[in-house]
Amino acid sequence: VSGATMYNINQSSPILTDVIFSSNGNDYQGGSAMTNEVQSSPTLRNVTFTDNLGGGMVNQENSNPTLSNVIFSGNSAMIGGGMKNSSSSPTLIDVVFSGNSGSRGGGMDNQLSNPILINVTFSENSVTPYSEIPSLIGNGGGMYNMRSDPVLTNVTFSENTASVYGGGMYNTDISKPLLTNVTFWGNTAGTSGGGIANIPLNPSSPVSPT
């Protein structure tokens, strides 16, 4: 956390407009371009995160930023190349995740988090195994959900890749994302679940509105 380029903690919620975070960080395992912690919920408009090592954004401990017209491109991290959410639920409107990479959740990684996504695109994000931690075996190229119920409306997953499961999306540990008008095309996985992988099948499955 201390390696973050911008570190917001203890209810710190700055407003950022027309900002670029580019080529920051030197550690694949940590040090994102922006880390929000302990109820810190910044507002971002027209912001770009590109080529940051350690990830684009980390939200944890009830930090719920609002993002509009934001791009995450070419960022990489062990978990959540574009964005990592832990017990946090950001709102994303008109956001693009493109070409981000990691060993779990190439575009976005959610753990105990319920983000809201509207008009969001995940394209060409990828995950591959991390040799130093066997459990990070390359699941969830576009999005990884663990005990998380994200709400997705008008979202596209295209040409994302996973070395094992869930090229587009991977759901586990009773994750039930709510999908409305969501498109999966051209996603691939090395083992199965090119579009979506649900592990186990019944407790971890997307749902559609009734």
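**View 1. Strand 11 and strand 14 pair in the parallel sense in this predicted model.** The pairing of strand 11 with strand 14 (residues 151-158) runs over seven bridges. Strand 11 covers residues 116-123. Within this pair, Val120 stands opposite Val155 of strand 14. Strands of a sheet pair through backbone hydrogen bonds, in either a parallel or an antiparallel sense.

**View 2. Seven strands form an open sheet with parallel pairing.** The strand order is 2-4-6-8-11-14-17. Strand 2 (15-22) and strand 17 (178-185) stand at the edges. Each of these two has a single partner strand, so one side of each is left without a neighbour in the sheet. From one strand to the next, the twist averages 5 degrees.

**View 3. Ile93, Ile116 and Ile118 form a nonpolar patch on the surface.** Together the three residues have about 190 Å² of accessible area. Ile116 belongs to strand 11, one of the strands of the open sheet. Why does Ile116 count as partly exposed? Its relative accessible area is 36%, and the partly exposed class lies between the buried limit, under 20%, and the exposed limit, over 50%. Ile116 therefore falls in that class.

**View 4. Val38 has a positive phi in the loop between strand 3 and strand 4.** Phi of Val38 is near 60 degrees, and the residue is not a glycine. The loop that holds Val38 joins strand 3 (34-37) and strand 4 (43-50). Strand 4 also appears in the order of the open sheet. Val38 is partly exposed, with a relative accessible area of 24%.

**View 5. Glu159 has a positive phi in the loop between strand 14 and strand 15.** The phi value of Glu159 is near 55 degrees, again in a residue other than glycine. Its loop lies between strand 14 and strand 15 (161-162); strand 14 is the partner of strand 11 in View 1. With a relative accessibility of 39%, Glu159 counts as partly exposed.

**View 6. A cis peptide bond links Ile199 to Pro200.** Omega for this bond is near -15 degrees. Pro200 is placed in the segment after strand 19 (196-199).

Terms used. Residues are numbered from 1 along each chain as its sequence is written. This is a predicted model: local features need pLDDT of at least 70, side-chain atom pairs count only at pLDDT 80 or more; totals for chains, interfaces and linings use all residues. Side-chain values use heavy atoms; hydrogens and water are left out. Patches are made of residues with over 30% relative accessible area and no salt bridge: like charges are joined within 9 Å, nonpolar side chains (Val, Leu, Ile, Met, Phe, Trp, Tyr) within 5 Å. Accessible areas come from the Shrake-Rupley method with a 1.4 Å probe; for residues, only the protein chains shown count as cover. A salt bridge is a side-chain nitrogen of Lys or Arg within 4 Å of a carboxyl oxygen of Asp or Glu. Helices (H or I, at least four residues) and strands (E, at least two) are DSSP runs, numbered from the N terminus. Buried means under 20% relative accessible area, exposed over 50%, partly exposed in between (1.4 Å probe, protein chains only). Two strands pair if DSSP finds at least two bridges between them. Axes are lines fitted to C-alpha atoms, for helices over the stretch in contact, and angles run from 0 to 180 degrees between N-to-C directions.
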